[in-house]
Amino acid sequence: MEPIIKGRSEDIRGMNDGEYDSTLVLEVTIETASSKIRNVSVSDKLVDYDLDTWAGLMSLKQIAEYPIADKRKPENLKIPKHILDYYYQNK
């Protein structure tokens with residue numbers, strides 16, 4: 001979590017042996033990738049308008065929703081600042 005939410009590792013307990021044994025970490029090497037980035041709205045090339053092919057933009061967005069506390073924990077526990085910071089930066 002630390003690369004995603006700075007300060008999280010200082011706020012949680014360390015993992016025990018059972019948790020280490022049941023955790024899988026997967027590393028994937030990306031050999032090729034492509035991206036099309038525009039700074040203007042969606043528009044096709046004039047020559048491509050004669051093609052019978054859909055053209056447009058499919059926008060993807062990852063958002064953070066407000067943190068949900070574990071109901072078995074005391075209600076008076078405050079959400080840590082680093083969790084709220086992540087939420088407000090990514091909502």
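**Reading exposure, fold and aromatic pairs**

Visitor: Is Arg72 buried or exposed, and what is its relative accessible area?

Guide: This is a predicted model, and in it Arg72 has a relative accessible area of 76%, so it counts as exposed, the cut-off being over 50%. Arg72 is placed in the loop between H2 and H3, and its C-alpha lies 25 Å from that of Glu2, a residue 70 positions away in sequence.

Visitor: Which elements does the protein have, and how do they run from the N terminus on?

Guide: The order is α-α-α, with three helices and zero strands in the protein. Among these elements, helix H2 covers 17-21 and helix H3 covers 81-90.

Visitor: What radius of gyration does the protein have, and what would a compact globule of 91 residues have?

Guide: The idea is to set the value for the model beside the one expected for a compact globule of 91 residues, which would be near 12 Å, whereas the protein has 22 Å. The spans of the C-alpha trace along its principal axes can be read beside this, and they come to about 65 × 35 × 20 Å.

Visitor: How many of the 91 residues, as a percentage, are buried?

Guide: Buried residues make up 5% of the 91, and the protein exposes about 9600 Å², of which carbon and sulfur atoms supply 53%. Contacts offer another view of the chain: among those between residues at least 6 apart in sequence, 44% join residues at least 24 apart.

Visitor: Which residues does His82 touch, leaving aside those up to four places away in sequence?

Guide: On that count, His82 touches Ile5, Lys6, Gly7, Arg8 and Asp11. His82 lies in helix H3, and it is buried because its relative accessible area, 16%, is under the 20% cut-off. Asp85, also placed in helix H3, is partly exposed, with a relative accessible area of 29%; the C-alpha atoms of Asp85 and Thr29 are 30 Å apart in space, while the two residues are 56 apart in sequence.

Visitor: What describes a pair of aromatic rings?

Guide: The description rests on two quantities, the distance of the centres and the angle of the planes. A search of the whole structure finds two aromatic pairs. In the pair of Tyr66 and Tyr87, the ring centres are 5.1 Å apart and the planes stand at 85 degrees, which is over 60 and therefore makes the pair edge-to-face. This pair links distant parts of the chain, since Tyr66 belongs to the loop between helix H2 and helix H3 and Tyr87 to helix H3, with their positions 21 residues apart.

Visitor: What is the relative accessibility of Tyr87, and does it count as buried or exposed?

Guide: Tyr87 counts as buried, at 14% relative accessibility, whereas Tyr66 is partly exposed, with a relative accessible area of 44%. Tyr87 also forms an aromatic pair with Tyr88, again edge-to-face, with 4.9 Å from centre to centre and 65 degrees between the planes. Ring pairs thus link Tyr66, Tyr87 and Tyr88 into a cluster.

Visitor: How many positive and negative side chains does the protein have, and how far apart do the centres of the two sets lie?

Guide: Here one reads the numbers together with the separation of the two sets: the protein has 13 positive and 16 negative side chains, and their centres lie 8 Å apart.

Note on methods: Residues are numbered from 1 along each chain as its sequence is written. This is a predicted model: local features need pLDDT of at least 70, side-chain atom pairs count only at pLDDT 80 or more; totals for chains, interfaces and linings use all residues. Side-chain values use heavy atoms; hydrogens and water are left out. Helices (H or I, at least four residues) and strands (E, at least two) are DSSP runs, numbered from the N terminus. The radius of gyration is taken over C-alpha atoms; the globule rule is 2.2 Å times the number of residues to the power 0.38. Buried means under 20% relative accessible area, exposed over 50%, partly exposed in between (1.4 Å probe, protein chains only). Contact means heavy atoms within 4.5 Å. Accessible areas come from the Shrake-Rupley method with a 1.4 Å probe; for residues, only the protein chains shown count as cover. Lys and Arg count as positive and Asp and Glu as negative; His and the chain ends are not counted. The place of a charge is taken as NZ of Lys, CZ of Arg, CG of Asp or CD of Glu. Rings of Phe, Tyr and Trp (its six-membered ring) pair if their centres lie within 6.5 Å; planes under 30 degrees apart count as stacked, over 60 as edge-to-face and the rest as tilted.
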